[in-house]
Amino acid sequence: MIYPIVAVGDQVLKTRAKDIAADLPAAELSQLVQDMFETMYSAAGVGLAAPQIGKGIRLFVMDSGPMVEPDDDDESTTEPLDAATQAAPAEVPVKRAFINPQMLSETGEQWGFEEGCLSIPGVRENVMRCPHIVLRYEDENRQVHEEAFSGMAARIIQHEYDHLEGILFTDKLSAFKKQLLKGKLARISKGDVRHDYRMKFPASGRR
């Protein structure tokens, strides 16, 4: 099932997500994870958090492959988390679901990268993030892991983790940048934006 992506302006994107209960049926969780991957791929994204499909729960999926694997023809990367740049060639792609994640550490000298978001189509801005993180999370079998990530995988995880905290990448911009984007974000919320995937616009009710 492909869900519509919730656009900026919806309160679910500004609300801290709740933990997924331990007694949630395994089949239900597995289906949701599958649907989120399908939704993410249909929108050509590399990450998707549950709040972006209107569900205020602590779950996100990612597949960093398009960001770290060179294209066969020109060795460039595709876009999204919605960004365009080239990652370190030695980086190993990360594809998985993260349930009830907890950020344990973010370390290293921050580096800038032009990020975007499926909930904010057509907007990309430079965001500073740490290159190394340690995350505790549950997998689809509800097994707990504590794992370190670096590079592009760490950035995508931080971006999606922010969604679970009610934070958008635009919240990390300077006051000047936020002011410049204010009108555009309002138009996106009303559906006044070009997009190539299903969306739900809070200020208009359009899908």
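This passage describes the sheet, the helix that lies across it and the nonpolar cores of a predicted model.

The protein chain has an average pLDDT of 90, and 88% of the residues score at least 70. Residues 74-89 fall below a pLDDT of 50, although this stretch makes 49 contacts in the model beyond its near neighbours in sequence.

Five strands form an open sheet in the order β2-β3-β4-β7-β8, and their pairing is antiparallel. At the edges stand β2, which covers residues 47-49, and β8, each of which pairs on one side only. From one strand to the next, the twist averages 40°. In general, the strands of a sheet pair through backbone hydrogen bonds, in either a parallel or an antiparallel arrangement.

At one edge, β2 is joined to strand β3, residues 59-63, by three bridges in the antiparallel sense, and L48 stands opposite V61 in β3. At the other edge, seven bridges link strand β7, residues 132-138, with strand β8, residues 144-150, and these two strands run antiparallel. Within this pairing, E147 in β8 is the bridge partner of L135. Five residues lie between the strands in the hairpin of β7 and β8, where R142 adopts a positive phi near 65°.

Helix α1, formed by residues 26-42, lies across β2, β3 and β4, the last of these covering residues 95-107, and the helix runs at about 45° to β3. In soluble globular proteins, nonpolar side chains tend to be buried together. The largest nonpolar core here has 37 residues, of which V33, M36, L48, L59, V61, I120 and I188 touch the most other members. At least two residues of this core come from each of β1 (5-6), α1, β3, β4 and α4, and α1 gives the most, with six residues. The surroundings of L48 can be listed in more detail: when its neighbours within four places in sequence are set aside, L48 is in contact with I5, M36, T39, M40, I53, F60, V61, L118 and E160. A second, separate core comprises 22 residues, including V46, M67, V94 and M152.

A further detail concerns helix α4, residues 175-189, in which S189 is placed. S189 counts as buried because its relative accessibility is 10%, whereas the cut-off for a buried residue is under 20%. The side chain of S189 reaches the backbone oxygen of V8 at 3.3 Å.

Conventions. Residues are numbered from 1 along each chain as its sequence is written. This is a predicted model: local features need pLDDT of at least 70, side-chain atom pairs count only at pLDDT 80 or more; totals for chains, interfaces and linings use all residues. Side-chain values use heavy atoms; hydrogens and water are left out. Two strands pair if DSSP finds at least two bridges between them. Helices (H or I, at least four residues) and strands (E, at least two) are DSSP runs, numbered from the N terminus. pLDDT is the predictor's confidence in each residue, from 0 to 100. Contact means heavy atoms within 4.5 Å. Axes are lines fitted to C-alpha atoms, for helices over the stretch in contact, and angles run from 0 to 180 degrees between N-to-C directions. Buried means under 20% relative accessible area, exposed over 50%, partly exposed in between (1.4 Å probe, protein chains only). A polar contact is a pair of N or O atoms within 3.5 Å; within protein, one must be able to donate a hydrogen and the other to accept it, and residues adjacent in sequence count only if both atoms are side-chain atoms. A nonpolar core is a set of buried Ala, Val, Leu, Ile, Met, Phe, Trp, Tyr and Cys residues joined through side-chain atoms within 4.5 Å.
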